[in-house]
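Welcome! Here is a short tour of a protein chain for anyone meeting it for the first time.

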Amino acid sequence: MSATTEPTDPTATVAPAAVEREVLVVGDDGRARCAWSASDPEYRRYHDEEWGRPQHDPRALYEKLCLEGFQAGLSWITILRRRPAFRELFLGFDPVEVAEMTEADVQRLLQDARIIRHRGKIEATISNARAVLALDVPLEELMWGFAPTPRAGDRPHSWGDIPAVTPESTALSKELRRRGFRFVGPTTMYALMQATGMVDDHVEGCFVVEEVEPRP
């Protein structure tokens with residue numbers, strides 16, 4: 001989920017123009033939030049509870065990896081609204097179970113309108129599960145090994161301060177591809193880094209900043 005023009009995150013794709021020009025919005029609860037979260041109630045929940053929060057659970061990381069791949073070319077809200085169905089049909093994103101899915105399962109999923117019916121992305125979810133099981137290091141250790149050093153005192157003040165691709169996301173993409181993962185391009189991997197708290201791109205003034213980085 002990036003704040004630039006490529007459709008990888010709510011900050012780039014779905015907020016109305018009037019909202020996109022704003023950096024912060026104040027909700028009915030009196031809290032200031034990143035402006036993209038104002039465009040949909042599910043975005044607000046996702047912003048408040050998930051985006052930028054450190055995630056180390058292996059199954060959750062595999063899920064995020066797959067869903068970011070499904071999101072490529074679409075708005076993130078499309079994925080969020082379908083996430084319950086994705087979780088049901090991909091067996092809770094348990095890599096052990098997903099890795100055993102067959103062509104018959106692919107055909108079944110291609111008929112289910114509750115998810116994104118894209119053969120390549122469905123097949124990638126299955127092959128990525130097999131890639132997870134083939135790792136010689138835990139998935140969280142591999143992925144977090146590419147997390148950049150936190151930007152002390154250098155929090156974004158505008159969407160222009162947030163990149164779409166970084167050297168770290170490019171390196172992570174290259175390593176995952178080397179290990180057999182698919183739909184893991186550098187931009188998608190930066191979105192993954194944002195989503196899992198490897199980077200924290202909440203803008204200055206957002207209430208989440210106070211929870212993630214409490215003032216002394």
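The notes below go from the whole chain to its core, its aromatic rings, its cysteines and one helix. Please keep in mind that this is a predicted model.

**The chain as a whole**

- The protein chain has 12 helices and 2 strands.
- Read from the N terminus, its elements follow the order α-α-β-β-α-α-α-α-α-α-α-α-α-α.
- Of its 216 residues, 51% count as buried.
- About 9800 Å² of the protein chain is exposed, and carbon and sulfur atoms supply 52% of that area.
- Among contacts with a separation of 6 or more, 66% join residues that are 24 or more positions apart.

**The nonpolar core**

- In soluble globular proteins, nonpolar side chains tend to be buried together.
- The largest nonpolar core here holds 56 residues, and F86, F90 and F181 have the most contacts inside it.
- Helix α5, which covers residues 76-89, gives this core its largest share, with 7 residues.
- What does F90 touch, once its neighbours within four places in sequence are left aside? Its contacts are F70, V98, M101, L109, I115, I122 and T125.

**Aromatic rings**

- The structure contains 8 aromatic pairs.
- One of them joins W36 and W51: the ring centres are 5.0 Å apart and the planes meet at 85°, so this pair is edge-to-face.
- W36 sits in the loop between β2 (32-34) and α3 (41-49), while W51 sits in the loop between α3 and α4 (58-71), so the pair ties together parts that are 15 residues apart in sequence.
- Both partners are buried, W36 with a relative accessible area of 2% and W51 with 1%.
- F90 and F93 make a stacked pair, with 5.7 Å from centre to centre and 25° between the planes.
- F90 and F93 are both buried.
- F90 and F93 also belong to one aromatic cluster, together with Y62, F70 and F86.

**Cysteines**

- How many disulfides are there? The count comes to 0.
- The cysteine sulfur closest to that of C206 belongs to C34 and is 4.0 Å away. Since a disulfide needs sulfur atoms within 2.5 Å, that distance is too far for a bond.
- C206 is buried, at 2% relative accessibility.
- C66 is buried as well, with a relative accessible area of 3%.

**A look at helix α10**

- Helix α10 is made of 12 residues, 167-178.
- Does its length fit or miss the expected span? At 1.5 Å a residue the helix should span 16 Å, and its end C-alpha atoms are 16 Å apart, so the two agree.
- Which residues of α10 are buried? They are S169, L172, S173, E175 and L176.
- The cover over these buried residues includes α4, α9 (139-144) and α11 (186-195).
- After α10 comes G180, which has a positive phi near 95°.

**Threads to follow in the viewer**

- F90 is a good place to start, as one of the residues with the most contacts inside the largest core and a member of the aromatic cluster.
- From there, you could turn to α4, which borders the loop that holds W51 and helps to cover the buried residues of α10.

Terms used:
Residues numbered from 1 in each chain as written. Predicted model: local features only at pLDDT ≥ 70, side-chain atom pairs only at ≥ 80, totals over all residues. Heavy atoms only, no water. Core = buried A, V, L, I, M, F, W, Y, C linked by side-chain atoms within 4.5 Å. Buried < 20%, exposed > 50% of the residue type's maximum accessible area, 1.4 Å probe, protein only. Helix = DSSP H or I, 4+ residues; strand = E, 2+ residues; numbered from the N terminus. Contact = heavy atoms within 4.5 Å. Phe/Tyr/Trp six-rings, centres within 6.5 Å; stacked < 30°, edge-to-face > 60°. Areas by Shrake-Rupley, 256 points an atom, 1.4 Å probe, with all protein chains shown as cover. Expected span 1.5 Å × (residues − 1).
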